[in-house]
Structure formats: C-alpha cells, structure tokens
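Reader: I should like a close look at a single part of this predicted model, namely its backbone geometry at one loop position, and then a connected account of how the rest of the model is arranged around such details. Please keep the discussion to what can be computed from the coordinates.

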Amino acid sequence: MFRLDGRTALVTGASRGIGEGIARRLAEAGARVVAAARTTASLDSLVAELHDAGHEASALTLDVSRPESIAEALKTLPDDLLPVQILVNNAGITADNLLGRMDLDQWRSVLETNLTGSYALTRALMRGMLRSRWGRVINISSVVALMGNAGQVNYAASKAGLIGFSKSLAREIGSRNITVNVVAPGYVETAMTAAMTEEHKTRLVAEIVLGRLGTCDDIAAAVHFLASEDAGYVTGQVLNVSGGLYI
Ligand code: NDP
C-alpha cells in the first residue's frame with residue numbers, strides 16, 4: 001500500500017528517533033531515501049541496514065541550523081537521486097525554560113533549527129519539485145504548537161511557525177501539484193522524551209485518550225500516507241497524531 005517507488009525522499013533528523021522511523025518506513029515503501037542529520041556515523045549505520053534489507057538509501061551530513069551550508073551539502077547528492085520530490089522536515093531540538101529564565105540563545109537556537117532550518121531546506125529543494133511538477137513537503141510540528149506548553153515558549157513558537165509556513169506555502173505551490181502538510185505528534189517515546197521522569201510520564205499518559213505514548217511508527221505511518229500518491233488531494237493540513245492528547 002502507498003508505494004513510493006521512483007521517488008527520492010529526504011528526511012532530516014534521520015539519525016535517530018522519529019526521523020529514523022520515517023526514513024525506514026519510506027525506504028520500505030520503495031522510495032530512495034536520503035537520511036540527513038549531523039551525526040554521520042548514525043546515518044551510515046542506518047543506511048547500511050537499509051541496504052542489507054534491499055532498500056535504496058544514502059546518508060547526507062547536514063546541519064539545518066546553518067542555512068548557508070545547505071546548498072553545499074545538497075551539491076554532494078548524486079544526479080540519480082535528483083530531484084528530491086519528498087521532503088520531510090523533521091530535525092528538531094528543544095531548549096526548555098520558563099520565559100523569565102530563557103536567554104536569547106535558547107530562543108534563537110530552537111527557532112533556527114526547527115523553523116529557519118525547514119525554510120532553508122524547503123527553499124533549496126523546491127525548484128526541483130516545481131520543475132518535475134510533483135512534490136510533497138511534510139513538516140513535523142507538535143501538538144504543543146496548538147495547545148501551548150509551559151516551559152516551551154521557544155519550541156511551541158517554532159512549531160506553530162511551521163504550521164503558518166506550511167499553510168502559506170501550500171497556497172503558493174499547489175498549482176504545481178506540490179502538497180505541503182504538517183504532522184503534529186503528541187508525546188512519542190524517543191531520546192527527546194526519555195529525560196522525563198516516570199511520574200511525569202504517568203501523568204501525561206492519563207491525559208492521552210488512547211492511554212499510551214506514541215511510537216515512531218505511529219508518526220511514520222502518517223508521514224507515509226501524506227507522501228503518497230493517494231494523499232494528492234490533501235494540502236495545507238495539520239494531521240495530529242497524538243493518541244487524542246489534542247482533539
Ligand atoms: P530526537 O532528539 O530523538 O532526534 C532529533 C533529530 O534531529 C536527530 O536525528 C538529530 O540528529 C536531528 N537534528 C537536531 N538538530 C539538527 C540540526 N541542526 N541539523 C540536522 N539535524 C538535526 O527527536 P525526536 O525524534 O523525538 O523528534 C523528531 C521531531 O519530532 C522533532 O522535530 C520534534 O520536535 C518532533 N516531535 C517530537 C515529539 C516527541 O515526543 N518525541 C513530540 C512532538 C514533536 P543529529 O543530532 O545527528 O544532528
């Protein structure tokens with residue numbers, strides 16, 4: 001179902017967690033996957049594993065918080081991987097603090113990685129999608145963009161920014177058969193949430209209608225659908241994958 005053969009998909013933040021899950025899922029669906037992040041060794045082992053399973057994948061070392069480096073990094077992609085027609089902007093960081101204690105670096109680093117990074121990479125890859133008249137941009141936001149979360153004004157602002165970005169871009173490039181959508185995960189078990197205490201997790205789970213934290217596969221399944229031909233009439237949307245944490 002939802003085959004992606006013949007498409008190249010670039011997934012940022014693919015060195016672990018949700019991005020790794022998305023990269024695996026899209027590769028299994030037949031896409032040529034470019035797994036991007038800063039940690040080359042983790043990307044290489046993912047790519048080796050995908051190759052062993054008979055899938056097409058390559059690694060791209062990329063720091064999305066340095067927009068000036070993106071064009072150079074993309075030049076290293078071989079021609080047979082171009083154009084990139086599926087872009088998943090998943091790389092993200094947190095730097096939590098209450099606003100009164102949040103310094104400008106904490107604010108800027110989160111905005112630069114989560115929001116400006118997505119702007120820069122989308123802009124760089126959009127031309128290829130426009131020329132080929134087919135494209136999927138999928139931005140990974142968060143339910144906290146919609147609900148707010150004390151201690152995360154920077155993160156929530158960056159993730160809400162992605163929603164405005166996506167809805168506007170959807171209007172700009174829809175006529176070229178390019179869709180732009182957002183997946184807003186709830187709490188997913190990854191390194192990002194591993195720091196939570198068991199007590200905090202128990203309190204959180206009590207708020208989730210489906211009674212459990214999400215998995216990387218839960219998020220990857222939503223991205224897979226939005227990347228597919230079958231989602232060709234869906235654009236400018238926010239798909240909450242939060243187990244009902246946000247309804
Ligand atoms: P992790 O911290 O486990 O992974 C983050 C990924 O982003 C890593 O692969 C990391 O790779 C990459 N990354 C971070 N900074 C950069 C950068 N400057 N350039 C390139 N890559 C970068 O996070 P999750 O897997 O949990 O989260 C993935 C996305 O999902 C994030 O956008 C997050 O905000 C969002 N999300 C997560 C939720 C959760 O509960 N886990 C809930 C809602 C949203 P490396 O360090 O190698 O560069």
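Author: R133 has a relative accessible area of 48%, and therefore counts as partly exposed, the class between buried (under 20%) and exposed (over 50%). The residue belongs to the loop between α4 and β5 (135–140). Although R133 is not a glycine, its phi is positive, at about 55°. These values come from a predicted model.

A second residue may be described in the same terms. N177, likewise not a glycine, has a positive phi of about 65°. Its loop runs between α6 (153–173) and β6 (178–185). With a relative accessible area of 37%, N177 is partly exposed.

A further backbone feature concerns a peptide bond. The bond joining L82 and P83 is cis, with omega at about -5°. P83 is placed in the loop between α3 (70–75) and β4 (84–89).

Helix α4, which covers residues 104–132, includes L104. L104 counts as partly exposed because its relative accessibility is 48%, which lies between the limits of 20% and 50%. Together with L99, W107 and V153, L104 makes a nonpolar surface patch of about 370 Å².

Attention now turns from the surface to the interior. In soluble globular proteins, nonpolar side chains tend to be buried together. In this model, the largest nonpolar core has 33 residues, of which I22, L26, I86, V88 and V183 touch the most other members. Two or more residues of this core are given by each of the elements β1 (8–12), α1 (17–28), β2 (32–37), α2 (40–52), β4, β5 and α9 (216–227). The element that gives the most is α9, with 7 residues.

I22 offers a view of the surroundings of one such core member. When neighbours within four places in sequence are left aside, I22 is in contact with V11, V88, N90, I140, A220 and V223. Apart from the core that holds I22 lies another, made of 25 residues, including L74, L125, M126 and M129.

To return to the part first requested, R133 combines a positive phi of about 55° with partial exposure at 48% relative accessible area, in the loop between α4 and β5.

Key. Residues numbered from 1 in each chain as written. Predicted model: local features only at pLDDT ≥ 70, side-chain atom pairs only at ≥ 80, totals over all residues. Heavy atoms only, no water. Patch = residues over 30% accessible without salt bridge, like charges linked within 9 Å, V, L, I, M, F, W, Y side chains within 5 Å. Areas by Shrake-Rupley, 256 points an atom, 1.4 Å probe, with all protein chains shown as cover. Salt bridge = Lys/Arg side-chain N within 4 Å of Asp/Glu carboxyl O. Helix = DSSP H or I, 4+ residues; strand = E, 2+ residues; numbered from the N terminus. Buried < 20%, exposed > 50% of the residue type's maximum accessible area, 1.4 Å probe, protein only. Core = buried A, V, L, I, M, F, W, Y, C linked by side-chain atoms within 4.5 Å. Contact = heavy atoms within 4.5 Å.
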